[in-house]
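Hi,

Here is the structure I said I would pass on. Have a look at it first, and then read my notes underneath.

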Amino acid sequence: MKEIEITCKLGCEPSAEEIKAAAVKALGVSPKVQVQHRIVRRSVDARNDILYRYRIEVFKPGEVMEKYALEEYRDVSQAEPVIIIGAGPAGMFAALRLLMRGLKPVILERGKDVHKRKFDMAALSREGIVDPDSNYCFGEGGAGTFSDGKLYTRSSKRGDIREVLHQLVRFGADPSILIDAHPHIGSDRLPVVVENIRKCITGHGGEYHFGTRVTDIMKKGDGSFEVTASDGSVWASRKVILATGHSARDIYEMFSRKGWEIQAKGFALGVRVEHPQSLINRIQYHGKYQPHMPTAEYSFVTQIEGRGVFSFCMCPGGILVPSATAPGELVLNGMSNSARNSKWANSGVVVSVEPEDLPEYASYGPLALLQFQKDVEKAMFDYTGSLKAPAQRMMDFCRRIPSSGLPATSYHPGAVAAPLHELLPENVSLRLKYAFPLIGNKKMHGYYTNEALLLGVESRTSSPVRIPRDPDTLEHVQIAGLYPCGEGAGYAGGIVSSALDGINCAAKI
Ligand SMILES: Cc1cc2nc3c(=O)[nH]c(=O)nc-3n(C[C@H](O)[C@H](O)[C@H](O)COP(=O)(O)OP(=O)(O)OC[C@H]3O[C@@H](n4cnc5c(N)ncnc54)[C@H](O)[C@@H]3O)c2cc1C
C-alpha cells in the first residue's frame, strides 16, 4: 500500500483517471493492472490557491484493502443490567459498546427525549425560562445535541475514533465525516442521529428512562449499587457508569456530601466572540472566498503571562445560545446547522484558570473552581437581570471603555452594553485585553476590530472538578464498580473524546 496525495478545486473530487495515474506511479506497476484505492482524508488548503487536498491509499493487485467493520449489537433483553447515568455522548457510546458485548444498558437521564427537549430550548431563547432538567446541556444526547457537532479530537491515544465516526454514520450522519479533516454534523442533523441511537439501544433490549434525575448512589454491603432518582424510583446493578457531564453540579455536591473523593480541576473561562462570518471568510481565505467554499473556521492558542489563552468551540456560520442549566446564571455557547450558513462566526476565547490562581476560593476545597465558575455566571446574570448578555465591542474592551452602541448579534435573548472588562475576573480580563490585538496583528489580520462583539460569559469549557479514577480499571479510586466517565469526570472534552471515554469504560466492564 502507498499513500498518494491529489489536489483539486474546491467542490471537486479527483477523477478515476487521475487516481489511476498517480497510483501507477507510486506503486511502480504497469498501467494495465487493476489498482484499488480509498480516500482517507480531505482537507481544505487555503495557503495559496484554495484547494481540496485528498489523501488516498492505493493498493497493488493482491494486497488486501481491509475495511473497517463495526461489531454487531446483540440482543440484551435478558442480560445483566449496567446502569448508565446520563445520555450524552459518553453514556450513549458506552451503551452501544455494552450492546456489542452482550450487557444490558439501562440509561437514566434527567432530561427529556430529543423532540420534547426542542420545545424547552425554544422557550429558553424566547422567554428566558431555564428548565434545570431540560436545556442546552441536559436532555437526550447531552450537551452535544444542539451544537455545531464538530467531531475534532486531539485524543487519538484515547482510542480508535473510527468506532465513533462509523457509528455516527450508521445512525444517520453524512459519510463525509469519515474523511473530512474537520468533520461536523450540525444541529439540524444531530437530533436524528441521537434518536436513531436510542432506537437501536431499545430495539436490542436496552432501556432509556427520561425525567429520571439521579439524586443518590448507594454502595451496598454485597458490592452492588442502589441508585435513587428524584421521582423516588430505585435502580439496582453491580456496575454503574456515571456520565453526567460537566454541568451536573448536583452530582459533584453529592460526592462531596458523601465524602467520596473529588478534586478541583483547572478549566478555562472567558467570552464568546462574534464576528460577521463574511469578515472571517475574507481573513481565512485571503480575500478569495467564494460562496461554494466551506464556511471559514479559525482556531488559535497563545500564552499570556503564564496562562493559555485560546479559541474554543468555534462555530462558523453559527449562532449564540444561552446554555445555563439553572435560573439566575448566564452562560453562552455556540451552535450551527450543517450548512453553517448564518451571517455570524462565533467562538469562545478563554483563559486557563488553575486552582492556584484562586487562593480566595481555597476554603471550598475540591469545589473551589466550581464555586468560582458559579460566581462569575451569577455576576453576569445579575448585571442584566435576565438572559440578555453583557456585551462590549472588542476594541472598546481592550481600551477599557464602554461601547456606545452594539452591532447586531445572533444571540436571541439579546445583548446589553456593559463593562465586560470589569465584570470578568481580572486575571481573565487582562489576558484577553493583550490577546485580542496580538491575534489580530500576528495571526489573523482583521480579527481585532470593533465589528466584533464580546459577550459574557463562556464558562462551561470543561469540568472544574475531577472525579478521580484508577488508570487501569477506570473505576472510582475508592468505589469499585463505579465508572466516572466522559467530560463530567474530567477525562474528556468534546463529543468524540467523551464518546471514546464511554466506549473505554464499557470495555472495562
Ligand atoms: C451549545 C454547545 C455546543 C457544543 N459544541 C460542540 C461541538 O461542536 N463539538 C464538540 O466536540 N463538543 C461540543 N460541545 C461540548 C460537548 O457537547 C460535550 O463535550 C459532550 O457532550 C460531553 O459529553 P458527556 O457525555 O461527557 O456529557 P454531556 O453531553 O454533558 O451529557 C451528560 C448527560 O447527563 C445528564 N445528567 C446530568 N446529571 C444527571 C443526573 N443527576 N441524573 C441523570 N442524568 C443526568 C444530562 O442531562 C446529559 O444528558 C458543545 C457543548 C454545548 C453546550
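Below is what turned up, starting with the ligand and moving on to the cavity and two backbone oddities.

One thing to keep in mind throughout: this is a predicted model.

**The ligand**

The ligand has 37 residues around it, and the closest are Glu109, Ala143, Glu487, Gly494 and Ile495. Sorted by class, that shell has 16 nonpolar, 15 polar and six charged residues. Domain 2 (81-262 + 467-508) and domain 3 (264-458) each put at least three residues into the shell. If you prefer to think in secondary structure, α2, β16 (332-336) and α12 (495-508) each give at least two.

Some polar contacts to look at on screen:

- Arginine 110 has a polar side-chain atom 3.1 Å from a nitrogen atom of the ligand.
- Glycine 139 uses its backbone instead: a polar atom there sits 2.9 Å from a ligand oxygen atom.
- Lysine 150 also comes in through a backbone N or O atom, which is 2.9 Å from an oxygen atom of the ligand.

How much of the ligand does the protein cover? On its own the ligand has 990 Å² of accessible area, and the protein covers 97% of that.

**The cavity**

Rolling a probe the size of a water molecule over the atoms shows where empty space is left. Here there is one cavity of 30 Å³ or more, and it holds about 100 Å³ of space. Its lining is made up of 14 residues, with Met92, Leu168, Leu190, Val194 and Ile495 nearest the centre. The elements that supply two or more lining residues are α2 (89-100) and α5 (190-203). Of these, α5 has the largest share, at four residues. As for class, eleven of the lining residues are nonpolar and three are polar, with no charged ones.

Ile495 is worth clicking on, since that residue is among the closest to the ligand and also among those nearest the cavity centre. Helix α2 likewise appears in both places, giving residues to the ligand shell and to the cavity lining.

**Two backbone oddities**

Most residues other than glycine have a negative phi, and most peptide bonds are trans. Two spots here go the other way. The peptide bond from glycine 456 to valine 457 is cis, with omega near 5 degrees, and valine 457 is part of strand β20 (residues 453-458). Histidine 286 has a positive phi, near 50 degrees. You will find histidine 286 in the loop between α7 (277-284) and β13 (301-304).

Cheers

Conventions: Residues are numbered from 1 along each chain as its sequence is written. This is a predicted model: local features need pLDDT of at least 70, side-chain atom pairs count only at pLDDT 80 or more; totals for chains, interfaces and linings use all residues. Side-chain values use heavy atoms; hydrogens and water are left out. On a 1 Å grid over the protein atoms alone, a cavity is a set of points where a 1.4 Å probe fits but cannot get out, and a pocket is an open set with protein on both sides within 12 Å along at least five of seven lines; lining residues have an atom within 4 Å of a point. Grid points are joined across faces, edges and corners, and a volume is the space filled by probe spheres set on the points. Ala, Val, Leu, Ile, Met, Phe, Trp, Tyr, Cys and Pro count as nonpolar, Asp, Glu, Lys and Arg as charged, and the others, Gly among them, as polar. A residue is near a molecule or strand if one of its heavy atoms lies within 4 Å of it. A polar contact is a pair of N or O atoms within 3.5 Å; within protein, one must be able to donate a hydrogen and the other to accept it, and residues adjacent in sequence count only if both atoms are side-chain atoms. Accessible areas come from the Shrake-Rupley method with a 1.4 Å probe; for residues, only the protein chains shown count as cover. Domain bounds come from an automatic or database domain assignment.
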